[in-house]
Amino acid sequence: MNINDYATADEAAELLGIKRRSLYTYVRRLKDFPQPVKIGRSLLFDRQTLIDWRAKHPARRKRDSPPA
């Protein structure tokens, strides 16, 4: 496991162009949203999985757009 392949919640939200609160909502509500892994006390998201998910669900608005 390469730690550089993972993003914190803040980094993941920025990568997706959403707010951190929206990120956690997506984790809870969207069945196909990439789930974080817990390392110690931190939740980390696989960067490539987030990028792939975003490609399948393009943003409809600039920020906080719900996925299609």
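A residue is called buried here when its relative accessible area is under 20%. With that cut-off in hand, both Tyr26 and Phe33 of this predicted model count as buried. These two aromatic residues are a handy way into the structure, but the overall layout of the chain comes first.

The protein chain contains three helices and three strands. Following the sequence from start to end, these elements appear in the order β-α-α-β-β-α. The chain has 68 residues, of which 31% are buried. Its accessible surface amounts to about 4900 Å², and carbon and sulfur atoms account for 49% of that area. Contacts also reach far along the sequence: when residues at least 6 apart are considered, 52% of their contacts join residues at least 24 apart.

Turning to the interior, a general point helps. Nonpolar side chains in soluble globular proteins tend to be buried together. In this model, the largest nonpolar core has 13 residues, and the members that touch the most others are Ala12, Leu16, Ile18, Leu23, Phe33, Phe45 and Leu50. At least two residues of this core come from each of helix H1 (9-16), helix H2 (20-29) and helix H3 (47-56). H1 gives the largest share, with four residues.

Phe33 deserves a second look. Leaving aside residues up to four places away in sequence, Phe33 is in touch with Leu16, Leu23, Tyr26, Val27, Phe45, Leu50 and Trp53. Two of these neighbours, Tyr26 and Trp53, return in the ring pairs described next.

The whole structure holds three aromatic pairs. In one of them, the ring centres of Tyr26 and Phe33 lie 5.6 Å apart and the planes meet at 75 degrees, so this pair is edge-to-face. Another joins Phe33 to Trp53, also edge-to-face, with 4.8 Å from centre to centre and 75 degrees between the planes. This second pair bridges distant parts of the chain, since Phe33 sits in the loop between H2 and strand E2 (37-39) while Trp53 belongs to helix H3, 20 residues apart. Like Phe33, Trp53 is buried. Taken together, Tyr26, Phe33 and Trp53 are linked by ring pairs into a cluster.

Phe33 thus brings the two themes of this section together: Phe33 is among the core residues that touch the most other members, and Phe33 also belongs to the aromatic cluster with Tyr26 and Trp53.

Technical notes
Residues are numbered from 1 along each chain as its sequence is written. This is a predicted model: local features need pLDDT of at least 70, side-chain atom pairs count only at pLDDT 80 or more; totals for chains, interfaces and linings use all residues. Side-chain values use heavy atoms; hydrogens and water are left out. Buried means under 20% relative accessible area, exposed over 50%, partly exposed in between (1.4 Å probe, protein chains only). Contact means heavy atoms within 4.5 Å. Accessible areas come from the Shrake-Rupley method with a 1.4 Å probe; for residues, only the protein chains shown count as cover. A nonpolar core is a set of buried Ala, Val, Leu, Ile, Met, Phe, Trp, Tyr and Cys residues joined through side-chain atoms within 4.5 Å. Rings of Phe, Tyr and Trp (its six-membered ring) pair if their centres lie within 6.5 Å; planes under 30 degrees apart count as stacked, over 60 as edge-to-face and the rest as tilted.
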